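I opened the notebook to look up a few things in this model. These are my entries, in the order I made them.

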There are 2 protein chains.
Amino acid sequence: MKAESVRKPANEEPTKARRRDREKTKAEILQIAFEEFAESGLLGANADAIAARAGITKRLIFYYFNSKEELFTAVLEMAYGKMRLAEEDLHLETLEPEAAIRRLAEFTFDFHQANPEFVRLVAIENIHRGRHINSSEKLKQMTRPVIGQIERMLAKGKGLGAIRPEVDAYELHATLNALSIFSVANRHTFEAQFRWDMSSPEAKARRRVEIAEVLWRYVRGSPRSSITDEE
Amino acid sequence: MKAESVRKPANEEPTKARRRDREKTKAEILQIAFEEFAESGLLGANADAIAARAGITKRLIFYYFNSKEELFTAVLEMAYGKMRLAEEDLHLETLEPEAAIRRLAEFTFDFHQANPEFVRLVAIENIHRGRHINSSEKLKQMTRPVIGQIERMLAKGKGLGAIRPEVDAYELHATLNALSIFSVANRHTFEAQFRWDMSSPEAKARRRVEIAEVLWRYVRGSPRSSITDEE
DNA sequence: AGGTTAATTAACCTGATGGATAATTGATGT
DNA sequence: ACATCAATTATCCATCAGGTTAATTAACCT
């Protein structure tokens, strides 16, 4: 690559006069927009603020992303992309059923705990009725690898008799996501209503095992299932 | 645009010249503000639109509620108040442990399904980090009756050996709320990602029993010893 | 070098919107 | 009947913020 080409006369600052790097600029806008949208929502986020933080002019935002809405969509694409990448490293297939379930639960929980901005972004997108995720071809094509992994893992567990046959991969995934996301997304109202700490490390650790426990008790095969076929 | 002026000379509707009823006007503002906030969020909601729909002048909104933020807080108070009232009719104590758990699960699920605006409002308040719920003395005092009912019900169930002794009322409540709220709050992104219907009556019915199932399997005492059902 | 293109900037525009000022009008008590 | 006060209206205002127009300038290509 080209050297920095810093022919700074007196000023020795390495990052002076913004280098003209299309991809880098776009990436920086995207990252800061991600933070701002997660912080303040689609309407609350401010183009001037994003530009200021990125050290660029507002016009550049509209130059690369045509509108606020499209910028938000691009941010969503990036965020989901990262999650998708993380999910690829799960490797549930190698584990025994119970270990796999607990690993899945803890992975999901940890991911949401470590990425509250992502969780907030998803909440914001839902407030807006998912219109961006639905308008993005990229996002609609972007299949998430977890669901396949869960299906294979369940199949294996059912074969071994460790997991009851009625369990559905989507229901399981919905259950886990609900539990995991709630701990981040509804923290504030829940804590305010019940004065119950969800944010301390101890509370998180407790909730983490609790969620794994919920999941495992939900899927495990038992000598006598109380599920009936009526209805 | 705004040609809706005063061209009503002959037609005299019974609700002409707004009757001066403080409480009624406040209640109307509150109800419409509830809908608007749930629809568009704290920033998206528009005072002019609320006024127009309520058939009053915008000034009246600020006359009764001093600012948009305070109006939002008042809306929250009303919404939580309604839920609290509903919870009083639960009467879990009279039921057997398993029936009580399933009733609790179904009640909560049904409430959220029937009140998506409420769920959206809570999501919005969380996006705003719960600053309104935390700034309202009324809301902070407003204890929710469920938690007490759950505690008593769990105690009874533990006494009977039907519920395992480790189960905590708050964890249980968090679990149930997470599952129940998720079906409404994250509907859009979930459906978009997995092309999995969560909105049809059949999908809801399935999810409803699934959630009850999750809860019951989570709390019940060791299945090997206390499976007495045959059903 | 010099011209061309694309990245970047500076300044501007305008509609929307929360909120304020001040006047008006209906009910109520005496 | 009239004064009073609260409920309500009509209008205005200042600012914010998304988006635009037009100029500038750094890099790249002969």
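Entry 1, DNA strand C. I note that the model is predicted. I listed what surrounds DNA strand C and got 22 residues. The closest are A:Arg22, A:Tyr63, A:Tyr64, B:Arg20 and B:Lys68.

I then sorted the residues of this surface by character. Ten are charged, seven nonpolar and five polar.

Which part of the strand faces the protein? I looked at the atoms of DNA strand C within 4 Å of the protein. Sugar or phosphate accounts for 51% of them, and bases make up the rest.

Entry 2, polar contacts to the strand. I looked up individual atom pairs next. A:Tyr63, already on my list of closest residues, has a side-chain N or O atom 2.6 Å from a phosphate oxygen of DNA strand C. A:Thr57 places a polar side-chain atom 3.0 Å from a phosphate oxygen of the strand. On the chain B side I found a contact to a base: an N or O atom in the side chain of B:Lys58 is 2.9 Å from a base nitrogen of DNA strand C.

Which elements give two or more residues to this surface? I found H1 and helix H3 (58-64) of chain A, together with helix H3 (58-64) of chain B. H3(A) gives the largest share, four residues.

Entry 3, how the chains relate. I superposed chain A on chain B. A rotation of 180° does it, with 0.0 Å of shift along the axis and an RMSD of 0.0 Å. The two copies are therefore related as by a two-fold rotation axis. I also checked the contact residues: 93% of those of chain A recur in chain B, so the same surface serves both copies.

Entry 4, cavities. I counted eleven cavities of 30 Å³ or more. The largest has a volume of about 150 Å³.

Which residues lie closest to its centre? Of the 16 that line the largest cavity, I noted A:Ile127, A:His128, B:Gly41, B:Ile127 and B:His128. Both chains appear in that list.

I went on to the elements behind the lining. Helix H1 (22-44) and helix H6 (116-127) of chain A each supply at least two residues, and so do helix H1 (22-44) and helix H6 (116-127) of chain B.

Last, I checked the character of this lining. It divides into eight nonpolar and eight polar residues, with no charged ones. For the surface near DNA strand C, I had written down ten charged residues.

Note on methods
Residues are numbered from 1 along each chain as its sequence is written. Chains are lettered from A and ligands numbered from 1 in the order in which they are written. This is a predicted model: local features need pLDDT of at least 70, side-chain atom pairs count only at pLDDT 80 or more; totals for chains, interfaces and linings use all residues. Side-chain values use heavy atoms; hydrogens and water are left out. On a 1 Å grid over the protein atoms alone, a cavity is a set of points where a 1.4 Å probe fits but cannot get out, and a pocket is an open set with protein on both sides within 12 Å along at least five of seven lines; lining residues have an atom within 4 Å of a point. Grid points are joined across faces, edges and corners, and a volume is the space filled by probe spheres set on the points. Ala, Val, Leu, Ile, Met, Phe, Trp, Tyr, Cys and Pro count as nonpolar, Asp, Glu, Lys and Arg as charged, and the others, Gly among them, as polar. A residue is near a molecule or strand if one of its heavy atoms lies within 4 Å of it. A polar contact is a pair of N or O atoms within 3.5 Å; within protein, one must be able to donate a hydrogen and the other to accept it, and residues adjacent in sequence count only if both atoms are side-chain atoms. Copies are superposed by least squares on the C-alpha atoms of residues with pLDDT of at least 70 in both. Contact means heavy atoms within 4.5 Å.
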